[in-house]
Each structure stands twice: as C-alpha cells, then as structure tokens.
Number of protein chains: 2
Amino acid sequence: MKHIITQLNQAFDHRIRLGIMSILMVNDWVDFNTLKETLDVTDGRLASHIKALEKDDYLEVRKRFVKRKPNTSYRATSAGRNAFKDHLNALEQLLNNAKE
Amino acid sequence: MKHIITQLNQAFDHRIRLGIMSILMVNDWVDFNTLKETLDVTDGRLASHIKALEKDDYLEVRKRFVKRKPNTSYRATSAGRNAFKDHLNALEQLLNNAKE
DNA sequence: TAAAGTACTTTGAAATTCAAAGTTAATGTG
DNA sequence: CACATTAACTTTGAATTTCAAAGTACTTTA
C-alpha cells in the first residue's frame, strides 16, 4: 500500500508556491505587489515561482494600468484549482493520519 | 499580517521527511525497511533524510538484532513531535483558508 | 531631464537532492 | 573456511532547485 506522500503534487512542494496558490484559491485576481507583501518575498523570487506555476498552466495573468501605473494580477486556472484541491486532499489525509 | 507559510518548518519541507514524520507520529519504533517500503524510496535516500531529521533531534535511533539480523528502528522525539504538530497546525490553517 | 515605480529577466552561486556505487559488520551456505 | 548475502548505511559527483543581486523596459512624476 502506497503512502499518501506519493499523491502530493511537486508543483506545490515549495512553500512560496503553496502560499501563492492558497491565496489564489480564495481571491480572484490578486496583484503582484499584494502577493509580494503577503508572502514577504523579493520580487525576483516571487516572479520565478509565479513563472513556474504559469508554465504548468496553474495560473493566468492579466496586465493593465491602474492609476497610470502598470498592474499585473494573477488568478488560478481551473486546472490549477483542481490540481491544488487534489494536493490539499492528500495533505488533509496525511494530517488526519498523523493526528491518529 | 504575515502569511501562514512563514510558520511552516523547513525541516519538514520535503515530502519524504513529511512522510517519515507522519508515520512516526502514530507508530512507536518503526524500522528502516518498513519506512523504506512504505515510502517507496531507495535506502541511500531514506538514510540521508533520516539523518537530516536526526541532526535536528527530531528522531532517535535504536539498533539491535532481530532474528540474528541487524535491525534499526526510529521514533520521533518529543521535540520532533512538537515541531511536527506546529507544522501540521500551520498546514491545517492553510488548508482551511484555501477551502474558505 | 532626471528620478522613481512596477514587474520582471538574467546571472552566477549556494543549497538541496539524487542515483549509483562502495562500505561495514554480521549471518547463512557449501 | 571461503564466499555470498543482508541491513543499513556513507560517499561521491552530478543534476536540480533555489537564491540574492543586479540589470532591464516601460511609464509616470518632479
């Protein structure tokens, strides 16, 4: 019988990507700076983790100008939401097992 | 306000270490081969992840002979249990947030 | 014209993880 | 006794991931 860890998704292995996704599960269109401040990461680092999630088509991007400033926002795609839900279910099982 | 990911413990970032700990939370003294088979990893890889947890004093080791064969078992220390519980609580919050 | 803000990209280094092979000590087999 | 085998590692070197720091493009504000 295989252990639950085999059902965890590598795309969400990193805490920052976990954080990005957990924010995007409950908020539609969150912008770069909000993510940056909420997760307390440098912009370069955030950008690279976002890029990784984008590459898997787990999130989509919207670029526009707000108050004459560039503003980039992100939201989870349905593929992203589904993949993340699966990941959370695996985590939940692991959690429940660990608590008896 | 800081995001919950800042409360995740880096020692448990890796899925294999997460698996080891989740097994040791509910089983006292689990041996090397059981861990190896349950988590489906090579012995070298398992040994190195165990070593990392040992270094943090999150688990302790017992070596003896069973049926004339060497048998090494592990269990979580109370420090390990506490640290893992904190980690699980952070994960749980993240999980609940992501599910609304 | 110069400075500042946004959202990156690039670079190179540090850290982590990995497979594969080698090791040690004890036991089992011929 | 010689040799193979098993358990549990350790070592090595390479691949992968992650990081900080610096650089960039575009636009707005002073």
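Visitor: Why is Arg15(A) called buried?

Guide: In this predicted model, Arg15(A) has a relative accessibility of 15%, and because the word buried is kept for values under 20%, Arg15(A) counts as buried.

Visitor: Where in chain A does Arg15(A) lie, and which residues does Arg15(A) touch?

Guide: Arg15(A) belongs to helix H1, which covers residues 15-26 of chain A. Leaving aside residues up to four places away in sequence, Arg15(A) touches Ile5(B), Leu8(B), Asn9(B), Gln10(B) and Asp13(B), and a touch here requires heavy atoms within 4.5 Å.

Visitor: What makes the approach of Arg17(A) to DNA strand D a polar contact?

Guide: An N or O atom in the side chain of Arg17(A) is 3.2 Å from a phosphate oxygen of DNA strand D, and since a polar contact is a pair of N or O atoms within 3.5 Å, this pair at 3.2 Å qualifies.

Visitor: How do you know that Asn33(B) and Thr72(B) make polar contacts with DNA strand D as well?

Guide: For Asn33(B), a polar side-chain atom lies 2.8 Å from a phosphate oxygen of the strand, while for Thr72(B) a backbone N or O atom lies 2.7 Å from a phosphate oxygen. Set against the limit of 3.5 Å, both pairs therefore count as polar contacts.

Visitor: Which residues come nearest to DNA strand D, and which elements supply the surface near the strand?

Guide: There are 18 residues around DNA strand D, and of these Arg45(A), Arg68(A), Lys63(B), Thr72(B) and Tyr74(B) come nearest. At least two residues of the surface near the strand are supplied by each of these elements: helix H3 (43-55) of chain A, and helix H2 (32-39), helix H3 (43-55) and strand E3 (69-76) of chain B.

Visitor: Which parts of DNA strand D lie within 4 Å of the protein?

Guide: Of the atoms of the strand within that distance, 86% belong to sugar or phosphate, and the rest belong to bases.

Visitor: What pattern does chain A follow along its sequence, and how much of the chain is buried?

Guide: Chain A has 4 helices and 3 strands, which follow one another as α-β-α-α-β-β-α when read along the sequence. Of its 100 residues, 45% are buried.

Visitor: How many positive and negative side chains does chain A have?

Guide: Chain A carries 17 positive and 13 negative side chains, and the centres of these two sets lie 6 Å apart.

Key: Residues are numbered from 1 along each chain as its sequence is written. Chains are lettered from A and ligands numbered from 1 in the order in which they are written. This is a predicted model: local features need pLDDT of at least 70, side-chain atom pairs count only at pLDDT 80 or more; totals for chains, interfaces and linings use all residues. Side-chain values use heavy atoms; hydrogens and water are left out. Buried means under 20% relative accessible area, exposed over 50%, partly exposed in between (1.4 Å probe, protein chains only). Lys and Arg count as positive and Asp and Glu as negative; His and the chain ends are not counted. The place of a charge is taken as NZ of Lys, CZ of Arg, CG of Asp or CD of Glu. A residue is near a molecule or strand if one of its heavy atoms lies within 4 Å of it. A polar contact is a pair of N or O atoms within 3.5 Å; within protein, one must be able to donate a hydrogen and the other to accept it, and residues adjacent in sequence count only if both atoms are side-chain atoms.
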